[in-house]
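Here's a friendly walk through one structure, in questions and answers. Take a look first, then read on.

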Amino acid sequence: MSQYSFKEIQERPERLSAGHRLCAGCGGTIAVRNVLKALHPGDRAVVGNATGCLEVSSFTYPYTAYEDSYIHNAFENAAATLSGVETAYHALKKKGKIKENFKFITFGGDGGTYDIGFQSLSGAMERGHDMVYVCYDNGAYMNTGIQRSSATPMYADTTTTPAGSHSNGKPQARKDLAAIMAAHHIPYVAQTTFIGNMMDLYQKSEKAIYTGGPAFLNIMAPCPRGWRYDAPEIVTICKMAVETCYWPLFEVADGKWSLSYRPKNKLPIEEFLKLQGRFKHLFAPGGEHLIEAFQDEVDKRWEELLQKCE
Amino acid sequence: MAVKERMSGNEAVAFAMKQINPDVMPAFPITPSTELPQFVSSYIANGEMDTEFIPVESEHSAMSAAIGAEAAGARTMTATSSAGLALMWEMLYVAASNRLPIALAVVNRALSGPLNINCEHSDSMGARDSGWIQIYAEDNQEVYDNFIQAYRIAEHKDVMLPIMICQDGFIISHGVSNIELLEEADVRNFVGAYEPAHYLFKEGESMAVGPYAVSAYGMEAKRAQAEAMKNARQVILDVAEEYKKISGREYGFYEAYRLSDADYAIVAIGSVCGTIKDAVDALREKGIKAGLLKVRVFRPFPGKELADALGHCRAAAVMDRCEGFSANGGPLAAELSAALFQAKSRMEVVNIVYGLNGRDFTVDDAEKLYQDLARLSEHGNQETEAYRYIGLRD
């Protein structure tokens, strides 16, 4: 691992070029740009993509925003598709038909990763393909209009779990996909988001790309439309997600769990929730017990994580 | 030098796969095509092939990985049946519209329900509008020959479409009979190397595959794809002509068996044609002018050629091993009837559904059907329904 220099990394040429049609302030875009910055200059890559906001907004015929070769296939099969590309690479390399070195990185939202693409992801990781699967987790099916997913946090107001007089939003807590991927015993799993000078995201991306075998990155990527906040607020939201331990930063390298950051003072979950319109109903009179239940869930998971990281 | 052997249809296709030695094969087992990935895996395990096999976790992933591999510039194949093909459905359209010449060995089997593992054409007939070329076989020899011709057709620059090489589950896939195999060197020389114009790993260029297209662009893409399917017609004939030179065996859109002077014709697809040929021979002994039109190529559909081949007949029975649930007969009958109408044919036509869930169709059934055709051409068509079943229990 090289010494991290924010200036040097950000000055690398963009591999996701300007002119795509993603929203201003879209977290998915920040994830893609920064993961691709971790490719060493001169290395070629094939970028995969599940159907979703990212795909329809970055490869709208006849324009592509990708400097690298890119393949979109369907919603639920980004992992299987890239596993075919990676296998073709070995087949053609073996026959001397390819001289350059390629890396394989695929992006999916939480819908394409946690839910409809879960089987395809599990299969590709188990088979040991040398690829990175990046989930940009914005916690709902944003492309179709903010429907709940298994990554949606408890009590979030979505269009299929609307808060109302008889509903507190999504009844269930979110699936812990990073732990599930770690249970595949693959060489590298990490969870991160946009913090400070992006060092955590960069270092984890670089490790994921340059560790042989399958790697999984789970990146919390806020969506201003779905979470209902002003776009510049993303910095504070990410910071609060980490400081409240809602979204801990950790990695699992060769089976060893380690925390990447431990807040000095774990903040109450309200600090994260109150910034977002999707949790507004929790702050109405009588919502205290919901916030308490949310806090309990965060605490329970944080304790479990600390035990794994011991 | 041809090699005489005895093989099942699955063994024959696996042998063709070994001889061609494609770059990548993702596959998932399903009866009765399971033997294909098994044979390929053991060829690889014993150093007889250097194909990269991907043991995917589903047929959906098999076709997804095949699309990835083919887009990456690798010659790619897979195999499936029935529910496996149904699970690939969504991706079949993507493979075709991305113009990826993947070869898919289909071993035809009924779709559920009831759950049934036997022969029916409902699986590939359901996929008939997915943009894939479809070629069917009567026996192990034909499915072997068809598979060897597959990549030459699919990868032709005017075509660039995926191709299904279909054989009847169990009847062909597991039935062992005599076969003539080509020498490996002749097969490799015939098939040639795969050199796509553009692919993900190409030196000096990046490529993006699978765009989102708005209505200002999407229609032209479909039209170009349709043009490729039209182009496949001539390519199929040209490849067959070339194949004849190395094999001595003739192929086209169809086989006309004792049809040129026939009064009564049966039109069918697949292994049942062997049964019908026996009936034709028996009836010819009795002076009844029976003939068979065996459809080999279903996509692109050679409607005009089939109508022309039947032009002189007085009556024909069109047989579907598939219940289309249109309440109007099966897919072959529907498409051929339309072609006959276009050809201004006045022939009497009856539509038959047979052999569902592996139900036998016998020589006796075929002879009776020819007698029905003779009767209705004498006394007029008394059929009261749009189509009828043969072989149904009372």
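Reader: How far apart should the ends of helix α9 of chain B be, and what span do the C-alpha atoms give?
Author: Helix α9 of chain B, residues 272–285, has 14 residues, and at 1.5 Å a residue it should span 20 Å. The expected span is 1.5 Å times one less than the number of residues, and helices (H or I, at least four residues) and strands (E, at least two) are DSSP runs, numbered from the N terminus. The end C-alpha atoms agree with that expectation, since they lie 20 Å apart.

Reader: Before we go on, what kind of model is this, and how are things labelled?
Author: Residues are numbered from 1 along each chain as its sequence is written, while chains are lettered from A and ligands numbered from 1 in the order in which they are written. Local features need pLDDT of at least 70, side-chain atom pairs count only at pLDDT 80 or more, and totals for chains, interfaces and linings use all residues, as this is a predicted model.

Reader: Which residues of α9(B) are buried, and what covers them?
Author: Buried here means 20 or more other C-beta atoms within 10 Å of a residue's own (exposed is 12 or fewer, partly exposed in between; C-beta atoms are placed from the backbone). The buried residues of α9(B) are B:V272, B:C273, B:T275, B:I276, B:K277, B:A279, B:V280 and B:L283. Their cover includes β10, β11, β12, β14 and α12 of chain B.

Reader: Which residue with a positive phi follows α9(B)?
Author: Look just past the helix for a phi near 85°. The residue there is B:G287.

Reader: Which strands stand at the edges of the five-strand open sheet in chain B?
Author: Strands pair if DSSP finds at least two bridges between them, and the order in this mixed sheet is β4-β5-β7-β6-β13. Each edge strand has a single partner, so one side of it is left without a neighbour in the sheet. Those edge strands are β4 and β13 of chain B.

Reader: Inside that sheet, which residue of β7(B) stands opposite B:Y136?
Author: Strands β6 and β7 of chain B run parallel, joined by four bridges. Opposite B:Y136 is B:C166.

Reader: At what angle to β7(B) does helix α6 of chain B run?
Author: Helix α6 of chain B, residues 140–154, lies across β5, β6 and β7. Axes are lines fitted to C-alpha atoms, for helices over the stretch in contact, and angles run from 0 to 180 degrees between N-to-C directions. For α6 and β7 of chain B, the angle is about 170°.

Reader: Which element of chain B gives the most to the side that touches chain A?
Author: Two residues are in contact if their C-beta atoms, placed from the backbone, lie within 7 Å. By that test, 37 residues of chain B meet 39 residues of chain A. With nine residues, the element that gives the most is α3(B).

Reader: What is the bridge partner of A:Y70 in β9(B)?
Author: Strand β2 of chain A, residues 69–72, runs parallel to β9(B), and two bridges join them. The partner of A:Y70 is B:A208.

Reader: What distance separates the centres of the two domains of chain B?
Author: An automatic or database domain assignment sets the bounds, giving domain 1 as 3–247 and domain 2 as 254–389. Taken over C-alpha atoms, their centres are separated by 28 Å.
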